[in-house]
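I have a new structure open and want to get my bearings in it. These are my notes, in the order I looked things up.

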There are 2 protein chains.
Amino acid sequence: MKYLYVLLLMLTNSMVFSQTRYVMVIHGGAGTILKENMTPDQESAFREALTQALQAGYTQLQAGKSSLDAVEAAILVMEDNPLFNAGKGAVFTHEGKNELDAAVMWGPTRAAGAIAGVTTIRNPIKAARAVMEQSEHVMLTGKGAEAFASSKGLEIVDPSYFWTENRWKALERALKQDSLKTQLDHDGNKQSTNPALTNDYKYGTVGAVALDRDGHLAAGTSTGGMTNKQYGRIGDAPIIGAGTYANERVAISCTGWGEFFIRGIAAYDVAAQMEYSNTPVAQAALAVIEKIGSMGGDGGMIALDDRGNMAMPFNTAGMYRGAITESGEIEIAIYK
Amino acid sequence: MKYLYVLLLMLTNSMVFSQTRYVMVIHGGAGTILKENMTPDQESAFREALTQALQAGYTQLQAGKSSLDAVEAAILVMEDNPLFNAGKGAVFTHEGKNELDAAVMWGPTRAAGAIAGVTTIRNPIKAARAVMEQSEHVMLTGKGAEAFASSKGLEIVDPSYFWTENRWKALERALKQDSLKTQLDHDGNKQSTNPALTNDYKYGTVGAVALDRDGHLAAGTSTGGMTNKQYGRIGDAPIIGAGTYANERVAISCTGWGEFFIRGIAAYDVAAQMEYSNTPVAQAALAVIEKIGSMGGDGGMIALDDRGNMAMPFNTAGMYRGAITESGEIEIAIYK
């Protein structure tokens, strides 16, 4: 009787997993993404780009490559697409520059690499991976990170490569709003808590998590940061544990108001709940987004565990996101 | 009978806490610190400096100031003392510069501030606090962080302020060892795992954690980084969750081989164990140092919980460390 029960349990479990085993989840940023502000053309462009990214990663996994290869492949597609605030589509800083950050983490060994504040590396995710695999460091910044990437043969571009008209106009709007805020609002602290003025240019990041045939997880995140950012600000994306984390059991990539994700150690907090209180991935990820919300922040995350269970919680109006199952079924969503 | 037992338990607990309630713990770096390499004069200089730092923090706490004020006061003493690799005594980068990092976190709100890669801010811990209290960001780097600190009226010094003969000689030794390594060792990966060549110039950080009369915790860390570091490398000290963390229940500051502390999310991992599996602070801190060790890294940390329990585990030969109790009793230790 006992054996029958165990057998039934095993069958049930394997049936559940065979139906819903995801192998890759991606995001293209969270924020004030509302259906009413989007044309049908824009929406299908995003859907197509997310699909391409998922397919690029899936192709790697199907070929028996590692989840790290899949994460890199998916993020490369999004970095090269000006729709996303990463790589080619990076937003402008206050000084009119494009400063890019990226991070990657390989679950089995918890090796990690990150770069921050670079202006000439075409694909920051490749540089983050090179830091992980070809340096003794985890995090390199600025000119040093660029010199390192160049020494490893990565493609270096003129900073003008990252100029796009849309992002330039976004900076102009942000600068105009800033001068407006200076006139209207004498309380500096309030500036950051007025969603109408800040939310539309605070977010935007791309990320991917994947599970390969060996059962290994990897996570990666890449971003152009925050429109109009100042003072060499670093957000959560390149901070291991905040915006990006992977171990043997779970891989996470975040997007949102970076300061809150840093203070909440958002990505690792999912893994910690799974390890120390055996919380399922979906519940752990949701709890972290709720915690970020209770601190006053917003954004979202993607998480994938070693059995193919995934979660994509967010507390913003929308998050560009998608997932692909072991059998190649694609799910894409944008709004709540 | 049951009530008697509970009463006894309460009494026992309160007696234990009244004997050993610590209000501040500090460290001045971990590494290959061996008694046989230290003169009696050097040893007493370190003991005196640690005592001064503890007293500076304790004075704040006794005056009813916050744990954040106490942490800042203790770290300022160590930053201004050339004995420690932070502030005045910062080590040199590969290019012969002093690049400083610092972070601070305030438990009750989990507000945090950090700066990285600055060369002209006399007291990095003050700049980290200014980022936390006077900017909407958590982490600022390089020239941007310096411009911010200057705009907030912090003391800016010529980079030559940080030049000390001892640290300059350490760089010369490291550069010599590097050229030796290049001749002896053709496997790049092995460079980082030869303790004899690297350990003596990899470490050195100062940190403090404190508990104030309101029961509020704070943590801070400041460092000159790694002798001979390249490529704008950022270690764990300014990474919230890695080298520095504080919440309502515990405050942590780490020192050691930064890359491993980043990958292990070392500081937050103590808090996570306490929150999710109710592990006592000493056990949680020890588990993290053991985890870092099993990954191949070394170093130490200080941790203090909201009931005055503290831990100072490390897996190196020594760690400069000290603690002070509520009643002002000071404990200082250096070796194992």
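What follows goes from the contact between the chains to the sheets and a hairpin.

**Entry 1: what kind of model**

I remind myself that this is a predicted model.

**Entry 2: where the chains meet**

I started with the contact between chain A and chain B. I find 41 residues of chain A in contact with 41 residues of chain B. Together the two chains bury about 3,500 Å², and 62% of that lies on carbon and sulfur atoms. Which three residues of chain A supply more of its buried area than any other three? They are A:Tyr231, A:Arg263 and A:Tyr276, with 21% of the area that chain A buries against chain B.

Next I looked at the kinds of contact. I get zero salt bridges between chain A and chain B. Polar contacts do turn up there: 16 residue pairs, both residues at pLDDT 80 or more.

Then I asked which elements of chain A make up its side of the contact. Those that each supply at least two residues include strand S3 (111–118), strand S4 (139–141) and helix H5 (142–151) of chain A. Strand S7 (233–234), helix H9 (258–263), helix H10 (266–277) and helix H11 (281–295) of chain A also do so. H10(A) gives the largest share, seven residues. Sorting the residues on this side of chain A, I get 21 nonpolar, eleven polar and nine charged.

**Entry 3: strands paired across the chains**

I also checked for strand pairing from chain to chain. S4(A) is joined by two bridges to strand S7 (residues 233–234) of chain B, and the two run antiparallel. Which residue is the bridge partner of A:Met139 in S7(B)? I find B:Ile234 there.

**Entry 4: the sheet in chain A**

I moved on to an open sheet in chain A. Its four strands come in the order S8-S9-S10-S11, with antiparallel pairing. Strand S8 (244–246) and strand S11 (310–311) of chain A are at the edges with a single partner strand each, so one side of each has no neighbour in the sheet. I followed one edge inward: strand S10 (residues 299–305) of chain A and S11(A) are joined by two bridges and run antiparallel. A:Ala303 has A:Ala311 in S11(A) as its bridge partner.

What packs on this sheet? H10(A) does, touching S8, strand S9 (250–256) and S10 of chain A, with its direction at about 145° to that of S9(A). H11(A) lies across S9, S10 and S11 of chain A and runs at about 160° to S10(A).

**Entry 5: a salt bridge in chain A**

I searched the whole structure and got 30 salt bridges over all chains. One that I noted is between the side chains of A:Asp269 and A:Lys291, at 2.8 Å from N to O. The pair links distant parts of the chain, since A:Asp269 is in helix H10 of chain A and A:Lys291 is in helix H11 of chain A, 22 residues apart.

**Entry 6: the sheet in chain B**

I then turned to chain B. There I find an open sheet of four strands in the order S8-S9-S10-S11, paired antiparallel. Its edges are strand S8 (244–246) and strand S11 (310–311) of chain B; each has a single partner strand, so one side of each is left without a neighbour in the sheet. Strand S10 (residues 299–305) of chain B pairs with S11(B) over two bridges, in the antiparallel sense. In S11(B), B:Ala311 is the bridge partner of B:Ala303.

Helix H9 (residues 266–277) of chain B packs on this sheet and touches S8, strand S9 (250–256) and S10 of chain B; its direction makes about 145° with that of S9(B). Helix H10 (residues 281–295) of chain B also packs on the sheet, touching S9, S10 and S11 of chain B, at about 160° to the direction of S10(B).

**Entry 7: a hairpin in chain B**

My last stop was a hairpin. Strand S12 (residues 318–325) and strand S13 (residues 330–335) of chain B run antiparallel and are joined by five bridges. B:Ala323 stands opposite B:Glu331 in S13(B). How many residues lie between S12(B) and S13(B)? I find four, and B:Gly328 in the turn has a positive phi of about 95°.

Definitions and conventions. Residues numbered from 1 in each chain as written. Chains lettered and ligands numbered in written order. Predicted model: local features only at pLDDT ≥ 70, side-chain atom pairs only at ≥ 80, totals over all residues. Heavy atoms only, no water. Pairing = 2+ DSSP bridges. Contact = heavy atoms within 4.5 Å. Axes fitted to C-alpha atoms, helices over the stretch in contact; angles between N-to-C directions. Buried area = accessible area lost by both parts, 1.4 Å probe. Salt bridge = Lys/Arg side-chain N within 4 Å of Asp/Glu carboxyl O. Polar contact = N/O pair within 3.5 Å; in protein donor to acceptor, adjacent residues only side chain to side chain. Nonpolar A, V, L, I, M, F, W, Y, C, P; charged D, E, K, R; others polar.
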